[in-house]
Amino acid sequence: MRNRSVRWLVLALTLLSLILTACGTQPAAQPTAAPAAEPTTAPAAPAEEFTFGMVLVGPINDGGWNQAHYEGAQYVVEKVPGVKFIYIDKVNPADRPNVKVEQAIEELIGQGAKLIITNSAEFADGTNIAAAAHPDVFFIHASGDKVLTGEAPPNVRNLMGRMEYGKMIAGCAAALTTEAGKLAYLGPLIDPETRRLVNSTYLGARYCWETYRGRPASELAFKVTWIGFWFNIPGVTLDPTKVANDFINEGYDVILSGIDTTEGIVEANKATQAGKRVFAVPYDFEGACAQGEAVCLGVPYFNWGPDYKRLVELARAGKWEPAWEWTGPNWSNINDPDTSMIGFVKGPALSAENAAKLDEFIAKLADGSLNLFTGPLFYQDGTVFVPEGQVADDKTIWYTQQLLAGIEGQSAP
Amino acid sequence: MDQLWIDLAAVLAAASPLVIAAMGETLSERAGVINLSLDGTMLLAAMTGFAVALTTGNLLLGFAAAALVGAAVATVLGLFSLTLGQSQTAVGFVLALLCTDLSSFLGAPFVRVPGPAVPFTPIPVLADLPVLGTLFFRHDPVIYASFLIIPATAYLLYGTRLGLIVRALGERPAAVYARGVDVTRWRYALLIAGGALVGIAGAAFSLDLKQGWSYRHTFGAGWIVLAIVIFGGWRPWRVALGCYLFAALEIVATRSQSALPNFPTQIIQVAPFVLMIFVLALVNLASSPAAMRRAATLPQIWQRPLLGAINRLRATAPAALGQPFERP
Amino acid sequence: MAVTYSLPRMDGMRTDRLKLAASLTRPMLALVAAFALTTLALLSTGVSPLEAYRLVLFGAFSTPVRLSDMIMLAAPLLLCAVGLSITFAGGLYNLGVEGQMIAGAIAAMVPLRLWPDWPPLLLWLLAGLSGAAGGALWALLIGALRQYANVSEIFAGLGMNFLASGLALYMVLGPWRRQTSASLSGTDLLPRDLWLPTIDRLRLAPAAPLIALLALAVVWWALTKTRWGLEVRAVGLNPAAAGRLGVAAARRMAETLAACGALAGIAGMLQVVAVHHALIPNISSGIGLLGLLVALLARADPRWLLPIAVAFASFTVGSIQLPLTLGIDSAIAGVLQGALVLFALVARARVR
Amino acid sequence: MHIAVENLTKRFGPVCANDRLTVSFAAGQIHGVLGENGAGKSTLMKLLSGYIQPDEGRIVFNDMPRRLRGPGDALAAGVGMVQQEPLDIPAFTVLENLLCAAPPGVFRSRRAAQIALLDLAERLGFPVDPAARLDQLTIGQRQQVEIMRLLLCGAQVLILDEPTTGITAAQARALFAALRQIAAEGRTVLFVSHKLEEVAELCHTVTVLRNGQVVPPGQLPMPQPQEYLLALMFGDSGAAPPIYRPLPAIDAPPVWELRNVTVRSGALHLVDLNHRFAAGRIIGLAGLDGSGQQVLLRLLAGQQAPDRGQVLVNGRDLTGAGAIAFRQAGVEYLPADRLHDGMIGALSLADHFALLQRNGLLVDRRRAEELARQAIADYQIKATPVTPIASLSGGNQQRAMLALIPPTARGILAEQPTRGLDVASARAIWSRLQARRDDGCCIIFSSPDLDEIMEYSDEVIVCFAGRIGPPIPRALLSAGRLAELIGGVGFDALVDVAR
C-alpha cells in the first residue's frame, strides 16, 4: 500500500512536468550548438548587440574581487553602446556543488555570449576546455597564465593587473600606522600570485618601517595565515572571521586582507568598537572601506573597466590575438577610473601626516626611483630570490617560489 | 599570562551561539524529543534574524524573528513526529536539509551585505576587574546571555518542579501521563522552547559573532551541537564545557599554521567532531560489560578511581529519547 | 524508522475503490503541499512561480548538454540512493554516505596517481575496486562504532563524514597538492587519457549511468529475491527476532553498511574519473545527502529509486537556469526536493 | 470515598472485556476483586483509574457521576492505581519521584514533602530513604513508594493490581498491614488478585469476575467458603485436576549440562552452577522477577557466555559459541515479548519459514508457503501464509512461534509462554508444548504465575536472589511450599539437602 502512494507520487510528478513542458518549451531553450553565422567576421554595424558574459567565482556583491570584476563589466556596458552583459556568479564547489566552469560557460554561450570572462585562477583548466570546444567565442581568463605557458587555445587571452604596486602601498600604509609593529596578512590560498602579493606587501611595509619610522626590520612582525581558498567555504577553509579575531587577540594591530571578501575590516572594526585599536587594509574593490570607515587605512583595488572595454571592442572588431597581459597603474594618476588598472584609495583612518608620507612613497614608485624588487632579496629558507645588485624581471616576480625571509607563515614551495 | 586570559575570553565568546543552541537542544532532548533539524534551523534563523534586523534596523526584532523561526521549525517537527507519529530522525533530517536550502534561497539578496551588529557593552566597574573582567565582563549582551543560560538551564532541570516533569518526560513519559500531565503538549512546549533558543543561537551568529549572511553561514554548527549534547551527557554544565572545548580547539586550528610549516591546518577544523565521537566511543567501550568485568579483576587501588572516572564520563541518554509516546 | 516492504500479494486483486481513492488522495495532497511551500518561497522573490517551475522541472531536458549533465549527476546519485536503500532495508540511517563517497574518491585516486602509465582500462578497474573498498571500509568503521562502542550510526556517520572531509582536505593541501601552490580548489587534473571515455560535446561518460543502472538491478534482485535480502530486511525490521530465528544480525548489518559504502565509494570514483577529473575537497557535492532524500522518498523500495533519482537530478540541473534567467537562487530545487520528502513522510502517517 | 460503577461496558474489538458491570465499593474497607486471567479485572481497574474510557455505563464517585479522561482526572478525583510494575521514574530519587508533577499545593517545599513522606512511612511501617534512586530499589520497595505517593497526592481510593507478584513474603506482610491501616483511616482499597488465600486473609468484601461479568451480581461479604469462590471464578469448566505423571528414567544424554558455570549479569552473580537438564521433561523456573531465571535462560540459549565453566548441549561443549551455534545444536528460545523479540511483525508466516531456510542463494518461496500452509493447518492458526504476523491475535502469534520451532529442536526455552493469552489459548499452547515434551524435547519455561508452574511442570527449579535451586519433582511440591521457597523461606536448606 505504501508503495502505491509512492507510485502515485511519481506518476503525478511526471505528469506535472510533462504538462509544464508542453506549456512552455519554446522560449528558454536555446540550442548550445554554435549559432550558424557571425563570430569572427567582424560585425561592423555597432547597432547589432554584442553580448559578453562573465563567470565569477564568488558573489557579485562581495565587496572585493568579484565585485570589482562586476563593476568593471558595468563600466563596459556604460561606455560602449550596444553591449549586453550576462553573468553567473558563485561558481565554486561550495556554493554550486554540481556546476563546473565549463557548464557555466556553456550556459552563457547558450544565451548568446560572444566573449567570456572567467575571473579565477581556479578556472584555468575549465576555461581552456570550453575555449577548445568553442573556437568561435573569445575568452579572457583573468589572473591566469596559460597563454604565457603556451597551454591555452588561440581564442584565450590572459589579463591581470600589477597589484604588486597596490600591495606595496598597502604595506607602507600599514607600517606607517602600526603601533605594536605587528602586521597580519589574511591570506587566501597559496600559489605564485598570492606569494608575490604577500611579498610585495612586506617589501612596502619594510621599506616604510625603516625609512619613515626609522626602525630596524627585525622589529617588524609580519605574519600570514592562509585560509585555503579565495573566500570562506564553511567547513573547508579556515574561517576568516576567526582568523582575523585571532590576529587581534594576539596583538596584531593592522590586518591586511588578501582574500576576496571583507572579514578582515569587519572584525577590525568590531574590535575597535570594543575598545581596541586595530586597523585594516581591505583589498580588491574600491568601495571596500565602507565596511568599516573608522579603521580603514586605505584599499588597493583593481579597476578592470578600461581593460575590459578595450578587449570587448577588440573582440567585437574581431581583432583578437592570444596575449598575456599584466597591466600596471597609470602612474600619473593611479586613481583615474578610465586609465589606471591599479589604484589605491586612502582610508579615513590614515592620519594626514602618514598620508603625506604615503604620497611621497607612491611618488617614488611612480618615477621609478624606487624598485622594491631590487636585490638582495632572500626566500624564507635562505635561498636567493633576487641577487644583490639585480632587479627581478617579470617572470621571476610572477613565479615567486616562496615567501621572503622575515615573513612568518607557510610558503608551500 | 595576559595572552592566556585574552584567549580564554575569546573562547568564551566564540562558543556563545553553540552554548545557546546546545541548551535548547538539551531541553528538548531531556523531554524525549531529538531535534535533528538543528543545522538547518540555525541557518534559517540566522538568515531571517539578519534580514529582519537589517530591514527594520532593530536588533531585538531580528532576534525575535530568529526565535520565531526556530520555534516554527520545531513546531513542524512536533507536528510530524509527535502528532503524526513519523520518525523524529527522518523528519528532523529532512527538515535540516530543507531549511538549509530555504535559507540559501530566501537569503540570496542578503549575502555579504553589511548589516547591524550587537554592540560591545562592557559592564561598568566589573569590566575593570583583573582577569575576571577580561574573561566575563568585556563582551556583548549575547555572550552575557550565553553565560546566564547555563545555570538557568541547570537550575530549571535540577532545581525546580518543572524540571522534574521535563526530565521525567524523557525518562518515562507513561509515569508522567499517570500523574495527569499531557505528555504530548508538554513535549511540544519544550521542543518549541528549545527550537526558539536554537533560533536565537542562529541570530547570535549572523548578528554578532559572524556578522552578516553568506551561504551556509553557520554550516556544521548544528551537527556539532547535536554531538556536544551527547558528549555532555545531557547535563547543562558538561554540555557547556563541551562547547568551550570545541571553541578552544578551533583557535588551535588558526594558531597552529605558523607553528607547523608543512601541515595543512585546515584539517584541524574537523578534529573536534571526530574527537568527540572518539571519546564517546572510548567511554562506551570502557563501560561495556566486558570491560567492566576486566576492570573488576584489577587491584582495588586501581579499581576505585578507574570505575569512578568511567562513571563520571559515562553519559546515559534519557531512557525514552526519540521514542514515540503511546498511552499505557 | 519503519521500512516496510509490501510482500507479494497472494490474496487476489484488490478492487476496493475507496482504498484506491484514499491511496491516491494522500500523495496528491503531499504533492500539493510541497509545491505550495515552494511556490510561497518563489512568490517571496517576486518572480513568476510558473516560469521558475518550468525551468526547474524540465530545464534539464531542454538541451542535449543539460540532459547529459543531468545524467552525470543522476548516476552517482542513483548509486548512493541504491546503496542507502540497502541500509534502510537493514534498518540503519547511514548519514555517513557523504564520507563514504569521499573515502571512495580518495581511494580511487591512489592507483591513478601511483601508476598513471598503466593501461587506462586496468587503472579504471583498479580505481573502481579501490574506491569501493575505501567506501566500504569507511562504512564498516561506522558499523564497528555502533556494534562495539554503542555510538548511534547517525553520529558515527556524521563523525566519519567530518573525518573523510578532513582527509580530503589533507590530501588536496598536502601530498597531492598542485605544484608550488596550496589551494583548496583541488588537485591537478588527471591526464586526459585517464578520464572515463567521454563524449566531449556532451560531457557525457556513458559508463557512469551504465554502472549505476547495473548496481540498481543487482541490488533490486538481491533485496527481493535472495535469502540474503530477506535476512537483511528481517534484521532491519527486528534485529532481535531475526537473531532468534538464526540470522546473524550484526553481520548482516555490517554487510549492508559495507555494501552501501562500496556503492557510495564507486560514486566517489565516478566523481573523480568521470566528472571532476581531479580530487576536490567537496568531491561528494552533497550528492550523498540528496541520495538520502531519494531513498527516503522511495521508502527503500528499489523500484522507485530510478525515477526519483532522475527527477531529483533534473531539478538540480534545471535549477541552474534560475539565476541565469530569473536572477533568483538555484537553492529552490533543494527546497522542492526537501518539501516533497517531508510531505511524503506525512502522507504515510497513520492519523491517530 | 464511596465508588460505584453502573452498567459499565468496555469492548476491545470483538472481545467484551467488561460487560454491563454494576458494583459498588464502600469507604473504609478493603475490597477484593477476584477472577482468573482474562476475566476483566484489569480492564475494570483501568476504567476506574482513567487509563481507558468506557464504551457504555458510568462511574460514580460519592454519588457524583464522573467522566475520567485520564489517570490525572482520576487522581484529582481521589482514585490512584498502583500498577504491577509501579509507574514511577527509575532515574529519580524517591523524593524527586514524589514531587514530580504532584498536584499543585500539596507540597509547599522539598523539605515539607520529605517530612510528609517520612511521617507516612512511619505510620505505614514502610522503611524508606528519600534520597535513594528508584532503580536501586526492589519492586516491593518501589510499590511502597508508589502507594505513599498516591496517598500523599490525595488518593482516597487505592487500587492495587496483583500487588503480591514479585515481592517477598515479608514485603507482602508489611503491605497487608499497611493496607489495613489505610482502610482504617477511612479510605477505600481495591485489591485485585487471583489468589484466594490473599483475598481471604485481607479483604472485607469480594467481587468475583468471570468473562467480563460480576458473578453473582454485586459484592459478597467475606469470609466465603473457598470451594464456592473457586466455582465462581472458574465456573464448571475450570479446576480440572492436573494430571501427574511419573517421570520416566531417561538414558539419553541431557539436553543441557552446566559444569561449574559462573556468570555475572548486572548485579546478579550466578556462582558454580552444576545442572543437567534431561530430555522429555518440562521444567518450570519459579522465582521473583530478576532472581536469575532470565540469566539462566539466556545462558542456556547461548545469548550469554559464562565467565567460567562449560555449557554443553547434547554432549557438545558450546561454551561461548554464541546463540546461533546453540540454535544449530537444537536449542530454541521463545521470548516473552513475541512481537518485540520473537517474530518480525511486518513479515508473514511464509516469510518466516523462508527465513529459516539455510541453503541456496535464492529464497524458495513456494516451499516456504507450503510449510506455512501446513503449519496453519496443524496449529489451527487463524491466518493466511501471507498475512503479516503483526495483524494476528496474541494466541495465534504464539502458535505461529511454536510452529516455527524446527522439528529437530531438542531443547525449548520458553519465557512466560502464555503471557497475555486467554485461558483457551493458553491451554492450546500447553498441549502443543506437552506434545513436544513427549517427543523427547526438554522444555524449560519461566512464569510469574505459580499456578501455571504447578500445573504444567514435571520438575520445578526455584531461583532466589541469583541462586539456582536444585530441580524438585512436581509431585513433591505444594503451592504453599513453592511460594515460601520463592520468598527464600527454606531455600538454603533445600540447597544443602541437594548437595
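## Exercises on a predicted four-chain model: burial, salt bridges and an interface

D:Glu257 is buried, because its relative accessible area is 13%. The model is predicted. Work through the exercises below with the structure open.

### Exercise 1. A pair at two levels of burial

Task: find which residue D:Glu257 forms a salt bridge with, and classify the burial of both.

Solution.
- Step 1. The salt-bridge partner is D:Arg259, with the closest N and O atoms 3.3 Å apart.
- Step 2. Buried means under 20% relative accessible area, so D:Glu257 at 13% qualifies.
- Step 3. D:Arg259 has 35% relative accessibility, so this residue counts as partly exposed.

### Exercise 2. A link across chain D

Task: locate D:Arg281 and D:Glu459, then state how many residues separate them.

Solution.
- Step 1. The two form a salt bridge, and their closest N and O atoms are 2.8 Å apart.
- Step 2. D:Arg281 sits in strand 14 (residues 281–286) of chain D, and D:Glu459 in strand 20 (residues 459–464) of chain D.
- Step 3. They are 178 residues apart, so the pair links distant parts of the chain.
- Step 4. Check burial. D:Arg281 has a relative accessible area of 11% and is buried. D:Glu459, at 13%, is buried too.

### Exercise 3. A bridge between chains

Task: explain why the salt bridge of C:Arg203 and A:Glu106 joins two chains.

Solution.
- Step 1. The closest N and O atoms of C:Arg203 and A:Glu106 are 2.8 Å apart.
- Step 2. C:Arg203 lies in the loop between helix 6 (153–173) and helix 7 (207–225) of chain C, while A:Glu106 lies in helix 3 (residues 101–110) of chain A, so the pair joins two chains.
- Step 3. Both C:Arg203 and A:Glu106 are buried.
- Step 4. Put the pair in context. The whole structure has 57 salt bridges over all chains. A network of salt bridges links C:Arg227, C:Glu231, C:Arg251, C:Arg252, C:Glu255 and D:Arg358.

### Exercise 4. The interface of chains B and C

Task: describe the contact between chain B and chain C by residues, area and polar pairs.

Solution.
- Step 1. Count residues. On chain B, 42 residues are in contact with 50 residues of chain C.
- Step 2. Take the area. The two chains bury about 3800 Å² between them, 82% of it on carbon and sulfur atoms.
- Step 3. Look for charge pairs. There are 0 salt bridges between chain B and chain C.
- Step 4. Look for polar pairs. There are 5 residue pairs in polar contact, both at pLDDT 80 or more.
- Step 5. Find the elements on the chain B side. Those giving two or more residues are helix 4 (59–83), helix 5 (88–106), helix 11 (221–231) and helix 13 (271–286) of chain B. Helix 5 of chain B gives the most, with 13 residues.
- Step 6. Sort the chain B side by type. Its residues are 32 nonpolar, 8 polar and 2 charged.
- Step 7. Compare chain pairs. Of the 5 pairs of chains that touch, A and C have the most contacts. No contact joins chain A and chain D, where the closest C-alpha atoms lie 13 Å apart.

### Exercise 5. Helix 7 of chain A

Task: test the length of helix 7 of chain A and judge its burial.

Solution.
- Step 1. The helix has 20 residues (192–211), and at 1.5 Å a residue it should span 28 Å.
- Step 2. Its end C-alpha atoms are 28 Å apart, which agrees.
- Step 3. Of the 20 residues, 17 are buried, so helix 7 of chain A is largely enclosed by the rest of the structure.
- Step 4. Inspect the start. There, a side-chain oxygen of A:Asp191 reaches to within 3.1 Å of the backbone nitrogen of A:Glu193.

Notes:
Residues are numbered from 1 along each chain as its sequence is written. Chains are lettered from A and ligands numbered from 1 in the order in which they are written. This is a predicted model: local features need pLDDT of at least 70, side-chain atom pairs count only at pLDDT 80 or more; totals for chains, interfaces and linings use all residues. Side-chain values use heavy atoms; hydrogens and water are left out. Contact means heavy atoms within 4.5 Å. Buried area is the accessible area (1.4 Å probe) that two parts lose on being put together, summed over both. A salt bridge is a side-chain nitrogen of Lys or Arg within 4 Å of a carboxyl oxygen of Asp or Glu. A polar contact is a pair of N or O atoms within 3.5 Å; within protein, one must be able to donate a hydrogen and the other to accept it, and residues adjacent in sequence count only if both atoms are side-chain atoms. Helices (H or I, at least four residues) and strands (E, at least two) are DSSP runs, numbered from the N terminus. Ala, Val, Leu, Ile, Met, Phe, Trp, Tyr, Cys and Pro count as nonpolar, Asp, Glu, Lys and Arg as charged, and the others, Gly among them, as polar. The expected span of a helix is 1.5 Å times one less than its number of residues. Buried means under 20% relative accessible area, exposed over 50%, partly exposed in between (1.4 Å probe, protein chains only).
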